[in-house]
Amino acid sequence: MKRTTISLIATTVALAAITGFAALTAPGGGSTAEAGAAARLPVERSSLLCPAPSSSEIAETAYTSFTPVGKAGDAKDGAAELKASAATLADTGTAPKKETQKETQKETQKGAKKGAAAEGAKKPAPDKAVLALKEPGKPVAAKAAGGEAPALVGTATGRLAPGWTAQQTTTVTAGGSRGVLGVSCTAPDTDFWFPGASIAKNRQDYVHLTNPDPTAAVADIELYGKDGALKTTLTEGIPVPAGSSVPVLLSTLTSDPAADLTVHVTTRTGRVGAVVRAADDKAGSDWLAASADPSGTAVLPGIPADATSVQLVAFAPGDDDADLKVQLAGATGRITPAGHETLHIKSGMTAAVDLQDVTKGEAGSLILSPAQSSQATPVVAALRVVRGKGDKQEVAFIPATAPVGDRATAADNRAKGSILSLTAPDAGAQVKVTASAGTQGGTQVVKTYTVKAGTTLAVPPPVPAGLKGSYALTVETVSGGPVHASRTLTLPQDGIPMFTVQTLPDDRGTVAVPKAEQDLSVLDD
């Protein structure tokens with residue numbers, strides 16, 4: 001007989017590197033990680049999904065794709081491509097409405113050149129790369145014009161997979177969807193929370209579901225208002241065909257009014273990318289990204305110094321009510337907003353608080369923590385932030401976000417108009433910020449920042465030397481406690497402070513795998 005040894009760890013390493021997750025259980029109930037120290041290896045495959053950008057004929061969309069430079073010894077080969085989805089489906093009541101003819105004419109008169117570019121734009125064919133990244137450290141960009149730009153699906157492999165990031169930034173200068181709509185393209189998943197959505201009369205909010213896989217997915221959407229779950233028309237889920245995207249108008253799912261809403265997206269089968277496009281009749285539009293997973297503490301970084309209105313929306317998904325301390329971390333430390341020292345959230349209900357101009361001219365970050373340290377009830381949260389006044393208002397959203405961790409990236413930064421916000425809620429920290437080469441030229445620049453405990457450091461980020469085009473910002477934790485970050489991009493138009501905010505959670509470019517080898521033997525004849 002011949003004795004053959006099978007390395008269970010080798011199998012796990014391969015699975016973890018490809019999927020970003022793996023778990024093993026050794027005989028006796030202990031994990032294999034307990035048998036030896038865990039090592040971190042770069043993932044070998046990443047997926048990203050970008051929603052259909054806009055239905056406006058004068059929309060202009062910029063896509064940027066980037067992977068940070070890895071360590072010596074990482075994979076040598078790889079590819080990263082974003083392609084048009086097979087279709088962006090539209091059923092009655094679920095597809096984004098086109099701008100009316102009157103609005104379109106008005107928009108075109110304000111931007112004749114942009115309108116002409118939109119009319120000449122062609123919708124890319126499925127399976128044809130809209131954006132192809134060739135090497136780490138050098139971002140690439142592409143543009144699309146008009147209201148027919150599709151959702152994008154993409155995969156990165158090899159050396160381009162760890163930390164792969166893509167940004168979609170759309171500018172609409174007039175009409176019902178006016179604004180700068182920015183979103184970091186999302187990884188597919190099975191569970192998303194969106195506090196901060198609305199089905200008020202002045203809002204048109206759509207949840208965009210995109211399926212990257214070759215088989216159909218089925219998604220469920222639950223809505224929660226101030227009094228709990230709303231009765232919806234959904235009974236059998238929403239089918240999302242393979243490689244396709246489905247926009248769903250939230251107001252068509254229920255007859256119950258709800259100005260402040262928490263949306264919960266899950267899948268029965270398959271996985272999807274999900275993001276909410278929110279449009280306000282007075283304050284413009286932007287994307288609302290998913291909140292970080294439910295947690296007893298939430299950090300919402302990067303409220304602009306000149307915010308004229310800040311609204312906090314939070315939800316407690318568990319069986320227990322949540323009592324939270326509300327604090328603003330500014331340049332010198334934490335303060336408690338007058339009259340909003342604490343927030344009580346009933347289980348299964350959405351709570352909203354108007355914090356008004358809470359920053360008072362100083363950029364900051366909101367920190368939610370248990371009112372009693374012994375009772376940390378998980379919550380999800382987001383901020384609706386408005387800049388400007390009257391008919392010159394513009395809205396953006398800041399969801400609760402996970403820490404930067406080892407590394408996080410925000411793509412599509414410009415020579416002017418970007419602000420990087422770094423928040424260290426508990427302990428001071430040092431971070432390294434790398435400004436990549438530009439999409440059309442330039443040399444990377446590296447700068448180190450120190451963030452004091454309980455403060456927010458809001459700074460114009462470093463800009464590559466000789467920058468041409470746009471560039472990526474990569475933030476890495478060097479020492480100290482957890483750091484939460486966001487990037488604000490401001491592109492003013494006709495006196496309107498159009499802006500968008502993207503958070504920077506850990507890019508999950510590496511995965512922990514156990515070092516020790518578990519000896520599983522089989523006997524061969």
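Here are four short exercises, each with a worked solution, on the predicted model shown above.

**Exercise 1: The whole chain**

Find how many helices and strands the protein chain has, and what share of its residues is buried.

*Solution.* Start with the secondary structure: the protein chain has 3 helices and 41 strands. Next, turn to burial: of the 525 residues in the chain, 52% are buried. Then look at the surface, where the chain exposes about 22400 Å², with 51% of that supplied by carbon and sulfur atoms. Finally, consider the contacts with a separation of 6 or more: 83% of them are between residues 24 or more positions apart.

**Exercise 2: Strand S3 and its partner**

Work out how many residues of strand S3 are buried, and which way S3 and strand S9 run relative to each other.

*Solution.* First locate strand S3, which spans residues 45-50. Of its 6 residues, 5 are buried, so the strand is mostly covered, given that buried means under 20% relative accessible area. Now find strand S9, at residues 152-157. The two strands run antiparallel and are joined by 6 bridges. To see the pairing for yourself, pick Arg-45: Thr-157 in S9 stands opposite.

**Exercise 3: The disulfide**

Identify the cysteines that form a disulfide, and explain why the pair ties together parts far along the sequence from each other.

*Solution.* Begin with the chemistry: a disulfide covalently bonds the sulfur atoms of two cysteines. The structure holds 1 disulfide. The partners are Cys-50 and Cys-185, and their sulfur atoms are 2.0 Å apart. Cys-50 belongs to strand S3, while Cys-185 sits in the loop between strand S11 (179-184) and strand S12 (191-197), so the link ties together parts 135 residues apart in sequence. As a last step, check the geometry and the surroundings. The link is right-handed, with 105 degrees about the S-S bond, and both Cys-50 and Cys-185 are buried.

**Exercise 4: A look at Thr-61**

Decide whether Thr-61 is buried or exposed, and name the residue with which its side chain makes a polar contact.

*Solution.* Place the residue first: Thr-61 is in strand S4, residues 60-66. Its relative accessible area is 4%. Buried means under 20%, so Thr-61 is buried. Now follow the side chain of Thr-61, which makes a polar contact with the side chain of Thr-170 at 2.8 Å. To complete the picture, set aside neighbours within four places in sequence; Thr-61 is then in contact with Pro-53, Ala-142, Lys-143, Ala-144, Gln-168, Thr-169 and Thr-170.

How values were computed: Residues numbered from 1 in each chain as written. Predicted model: local features only at pLDDT ≥ 70, side-chain atom pairs only at ≥ 80, totals over all residues. Heavy atoms only, no water. Buried < 20%, exposed > 50% of the residue type's maximum accessible area, 1.4 Å probe, protein only. Helix = DSSP H or I, 4+ residues; strand = E, 2+ residues; numbered from the N terminus. Pairing = 2+ DSSP bridges. Disulfide = S-S within 2.5 Å. Contact = heavy atoms within 4.5 Å. Areas by Shrake-Rupley, 256 points an atom, 1.4 Å probe, with all protein chains shown as cover. Polar contact = N/O pair within 3.5 Å; in protein donor to acceptor, adjacent residues only side chain to side chain.
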